[in-house]
Amino acid sequence: MKNEYSVVFERVVSIEIESLFRLKETVNESFTKACNEILECKGRLIITGMGKSGLVGRKIAATMASTGTPAFFVHPGEAGHGDLGMIVKGDVVLAISNSGNSDEINVLLPVIKKLDLPLISISKNLSGRLPQEADVALILGDFEEACPMGLAPTSSTTATMVLGDALAIALLEARGFKSDDFALSHPAGSLGKKLLTHVADLMKSGDEIPVVTGDTSIIDALFEITEKRLGMTVVVDDNKYGVLTDGDIRRLLTLDQDMSQPIASVMKTTPITASPYMKASKALDIMRQKKVNQLIVFDNDTLVGVLALRDLVQAGIN
């Protein structure tokens, strides 16, 4: 049974969905013009807005900056008291005002015009001063706010945010912005690690690599595995490579295997490998798929390292 809260929830969602349908109907050549103005900008995209529009503007600026469009938010009130100096020739201004008549933004319009900066506006219609003076006016459309009093910005801020996302993604695609570009602006956290960390950054190399020859006894190979603490050893036998893990040795012990025989007779001759230039996240996918805890790393058929699952985990790759 629905209670009063669930009824409100459904009403709000329905109203805000309707606002997005209205927004979709307003898309015209102005959207293309806005994208071109920003794409051709030699400076930065300056986004401004007052109140809730300003909060949405901050989000749009952050999305733009992280997807290849240099952008930052300037508070219109602070801009009127000195911060307007942040805006210089070559920039493009995106001003947000649902009514199109925000006093704090209107104060800035003469200066924006004097600096000869392209001005893009976002408002509900064309009746306000801001869209009338803008070079490109983006219209949200007239629709109902989800607030029953029609006062709190709800549907309008949702539509504005979606319009900002559409601009950002259109510009992202126009620039040919790729995941590697995205990684450069997201170096911290799990996302940055996933996109920027490569096998070479985490693998053991040089003397850290457990290596034995094919004629090494199984028991001596166990000592190498224990000393290097990677749970395995690489086996080099007549220019061929193999691998033996501590798990393999435990299984041999249960079979009463002669531990003095050469390791070449029991090693795995088709080790799972990786390239040092491979993304660490890709290497982790291989480990999961093949159900192994280590990968031997080769660079042009040369052994350069061993990557262990524990090193991926410790680095936060998941």
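Biologist: Which residues are buried in helix α13?
Modeller: This is a predicted model, and in it G247, D248, I249 and L252 are the buried ones in α13, which spans residues 246-254.

Biologist: What covers the buried residues of α13?
Modeller: The cover includes α12, residues 218-228, and β8, residues 240-245.

Biologist: And what follows α13?
Modeller: D256 does, and its phi is positive, near 55°.

Biologist: Where else is there a positive phi in a residue that is not a glycine?
Modeller: D116 is one such residue, with a phi of about 60°. You'll find D116 in the loop between α6 (109-114) and β4 (119-123). N300 is another, with phi near 50°. N300 sits in the loop between β10 and β11, the latter being 302-308.

Biologist: Why point those out?
Modeller: Most residues other than glycine have a negative phi.

Biologist: Is D116 buried or exposed?
Modeller: D116 is exposed, because its relative accessible area is 64%, and the cut-off for exposed is over 50%. N300 counts as exposed too, at 70% relative accessibility.

Biologist: Switching topic: how many aromatic pairs are there in the whole structure?
Modeller: A search of the whole structure turns up one. The partners are Y241 and F298, arranged edge-to-face, with 4.9 Å from centre to centre and 70° between the planes.

Biologist: Which parts does the pair tie together?
Modeller: Y241 is in strand β8 and F298 is in strand β10 (residues 294-299), so the pair links parts that are 57 residues apart in sequence.

Biologist: Is F298 buried or exposed?
Modeller: F298 is buried, with a relative accessible area of 17%. Its partner Y241 is partly exposed, at 26%.

Biologist: OK, pockets. How much space lies in the largest pocket?
Modeller: About 320 Å³. The largest pocket has 18 lining residues, and T245, K268, V292, N293 and Q294 are the ones nearest its centre.

Biologist: Which element gives the most to the lining of the largest pocket?
Modeller: That's α13, the helix you started with, which gives four residues. β8, α13 and β10 each supply at least two.

Biologist: So β8 and β10 come up again. What do the lining residues of the largest pocket divide into?
Modeller: Seven are nonpolar, six polar and five charged.

Biologist: What about closed spaces: how many cavities of 30 Å³ or more are there?
Modeller: The count comes to two. The largest cavity has a volume of about 70 Å³, and the second largest has about 30 Å³.

Biologist: Which residues line the largest cavity?
Modeller: Its lining is made of L23, T26, V27, N28, S30, F31, L138, I139 and L163. The elements giving two or more residues to that lining are α1 (4-26), α2 (29-39) and β5. By class, the lining of the largest cavity has six nonpolar residues, three polar and no charged ones.

Biologist: And which residues line the second largest cavity?
Modeller: I46, T48, V74, I87, V93, L108 and I112 line the second largest cavity. Six of those lining residues are nonpolar, one is polar and none is charged.

Biologist: You mentioned β5. Where is T154 found?
Modeller: T154 is in the loop between β5 (136-139) and α8 (155-175).

Biologist: What does the side chain of T154 reach?
Modeller: It reaches the backbone nitrogen of C147, at 3.3 Å. Leaving aside neighbours within four places in sequence, T154 is in contact with E16, E145, A146 and C147.

Biologist: Last one: where is D207 found?
Modeller: D207 is in the loop between α11 (199-202) and β6 (211-213). D207 is exposed, with a relative accessible area of 72%.

Biologist: What separation is there between D207 and G57?
Modeller: Their C-alpha atoms are separated by 54 Å, and the two residues are 150 residues apart along the chain.

Technical notes:
Residues numbered from 1 in each chain as written. Predicted model: local features only at pLDDT ≥ 70, side-chain atom pairs only at ≥ 80, totals over all residues. Heavy atoms only, no water. Buried < 20%, exposed > 50% of the residue type's maximum accessible area, 1.4 Å probe, protein only. Contact = heavy atoms within 4.5 Å. Phe/Tyr/Trp six-rings, centres within 6.5 Å; stacked < 30°, edge-to-face > 60°. Polar contact = N/O pair within 3.5 Å; in protein donor to acceptor, adjacent residues only side chain to side chain. 1 Å grid on protein atoms, 1.4 Å probe; cavity = no way out; pocket = protein on both sides within 12 Å on 5 of 7 lines; lining within 4 Å. Points joined across faces, edges and corners; volume = space filled by probe spheres on them. Nonpolar A, V, L, I, M, F, W, Y, C, P; charged D, E, K, R; others polar.
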